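I opened the notebook to keep track of what I looked up in this structure. The entries follow the order in which I went through them.

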Amino acid sequence: MKAHLTRRYMFSASHRLHSAAMSEAENAATYGKCNNPYGHGHNYSLEITVSGLVDESTGMVCNLVDLDGFVQREILQRFDLENLNTRAEFLQTVPTTENLCTAIYDILQRGFTHAHLDKVRIEETMMNSFEYAGAGEIGR
Amino acid sequence: MVYLTRKAEFAASHYYHNPDLTPDENRRLFGKCNNPNGHGHNYTLEVTVKGEVDPRSGFVVDLKQLKEVLNREVLDAMDHRFLNKEVPEFSTRIPTTENLAIAIWQRLLSKLNKAQLHRVRVYETPDLFVDFYGEA
């Protein structure tokens with residue numbers, strides 16, 4: 001039978017929202033306080049949902065040790081306690097939480113092979129959250 | 001269609017062990033969860049049902065009845081229990097959060113008469129939960 005497993009991870013990072021394609025005035029108007037050149041930070045809550053048939057011999061969709069290890073190595077080490085603007089993923093794109101969602105989804109989609117990736121959900125603050133499911137549906 | 005979710009909490013212990021595997025394989029696969037004395041969690045259960053709103057009552061489902069079914073079928077059987085030893089489903093299946101969600105779905109499915117079961121979500125900790133939608 002197919003089950004969907006969600007694991008939550010926390011990380012903290014700083015960023016500045018600023019687009020090279022816009023003038024200073026446009027940036028200020030678009031991003032407001034988030035355009036502060038010195039940047040600012042958030043405690044991000046990252047939820048990763050994977051799915052698959054529950055293996056009869058283990059009772060698992062995938063072994064959490066594999067998921068935790070991958071996320072630690074490929075995601076948390078890359079972003080936790082870093083300035084997102086300096087990371088390779090955001091040299092060309094603005095590190096909004098929308099773009100962070102798709103970047104993390106792509107890392108998982110490329111490298112995590114132990115279960116099907118359903119979606120990535122990130123809370124930037126308790127008041128806002130973002131979800132990305134690639135070609136899949138957020139649906140339920 | 002309106003969706004309604006009822007939440008409940010229960011505390012239980014479990015351990016992970018597959019008798020078809022060697023002790024070494026069990027330890028490697030399940031790590032600390034393989035300790036035969038068990039360990040425990042405060043589980044949070046969210047049961048979501050769906051249905052049309054009854055024009056007379058304004059309800060999708062009678063919450064009191066849903067609560068009674070949850071209490072009888074799930075909490076009485078699992079709260080403050082050792083899942084491996086006291087819940088029949090887990091004499092043959094490993095009581096992972098995945099299998100717990102499936103077992104709860106199976107217990108509830110035939111007992112809900114008006115509303116349709118949509119999702120069973122089981123939180124093992126605030127950082128880990130499993131959703132089961134009855135998919136084969």
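**Entry 1, a loop serine.** I began with Ser19(A) in this predicted model, asking whether Ser19(A) is buried or exposed. Its relative accessibility comes to 11%, and because the cut-off for burial is under 20%, I entered Ser19(A) as buried. I then looked up where Ser19(A) sits, and found it in the loop of chain A that runs between β1 (2-15) and α1 (24-31). Leaving aside residues up to four places away in sequence, I listed Asn27(A), Tyr31(A) and Val94(A) as the residues that Ser19(A) touches.

**Entry 2, chain A as a whole.** I counted three helices and five strands in chain A, and, reading from the N terminus, I wrote down their order as β-α-β-α-β-α-β-β. The C-alpha trace of chain A spans about 60 × 30 × 25 Å along its principal axes. Of the 140 residues in chain A, 44% are buried. For the contacts in chain A with a separation of 6 or more, I noted that 68% are between residues 24 or more positions apart.

**Entry 3, chain B as a whole.** For chain B I recorded four helices and five strands, which follow the pattern β-α-β-α-β-α-α-β-β along the sequence. The C-alpha trace of chain B spans about 60 × 30 × 25 Å along its principal axes, and buried residues make up 52% of its 136 residues. Among the contacts in chain B with a separation of 6 or more, residues 24 or more positions apart account for 67%.

**Entry 4, helix α4 of chain B.** I wanted to know what span the 13 residues of α4(B), residues 97-109, should have at 1.5 Å a residue. The expected value is 18 Å, and the end C-alpha atoms of α4(B) are 18 Å apart, so the two agree. I next checked burial, and since 11 of the 13 residues of α4(B) are buried, I described the helix as largely enclosed by the rest of the structure. The buried residues of α4(B) include Glu98(B), Asn99(B), Trp105(B) and Arg107(B), along with Leu100(B), Ile102(B), Ile104(B) and Leu108(B).

**Entry 5, where the chains meet.** Turning to the interface, I found 22 residues of chain B in contact with 20 residues of chain A. The two chains bury about 1900 Å² between them, and 55% of that area is on carbon and sulfur atoms. I asked which residues of chain B lose the most area to chain A. They are Glu98(B), Asp127(B) and Glu135(B), which together make up 28% of what that side buries; Glu98(B) is also one of the buried residues of α4(B).

**Entry 6, polar terms across the interface.** I counted two salt bridges between chain B and chain A, and in a salt bridge between Asp127(B) and Arg8(A) the side chains come to 2.7 Å, N to O. Residue pairs in polar contact between the chains, with both residues at pLDDT 80 or more, number nine. I then looked up which elements of chain B give two or more residues to the side that touches chain A, and found α1 (23-30), α4, β4 (116-125) and β5 (128-132). The largest share, five residues, comes from β5(B). Sorted by class, that side of chain B has 12 nonpolar, five polar and five charged residues.

Terms used:
Residues numbered from 1 in each chain as written. Chains lettered and ligands numbered in written order. Predicted model: local features only at pLDDT ≥ 70, side-chain atom pairs only at ≥ 80, totals over all residues. Heavy atoms only, no water. Expected span 1.5 Å × (residues − 1). Buried < 20%, exposed > 50% of the residue type's maximum accessible area, 1.4 Å probe, protein only. Contact = heavy atoms within 4.5 Å. Buried area = accessible area lost by both parts, 1.4 Å probe. Salt bridge = Lys/Arg side-chain N within 4 Å of Asp/Glu carboxyl O. Polar contact = N/O pair within 3.5 Å; in protein donor to acceptor, adjacent residues only side chain to side chain. Nonpolar A, V, L, I, M, F, W, Y, C, P; charged D, E, K, R; others polar.
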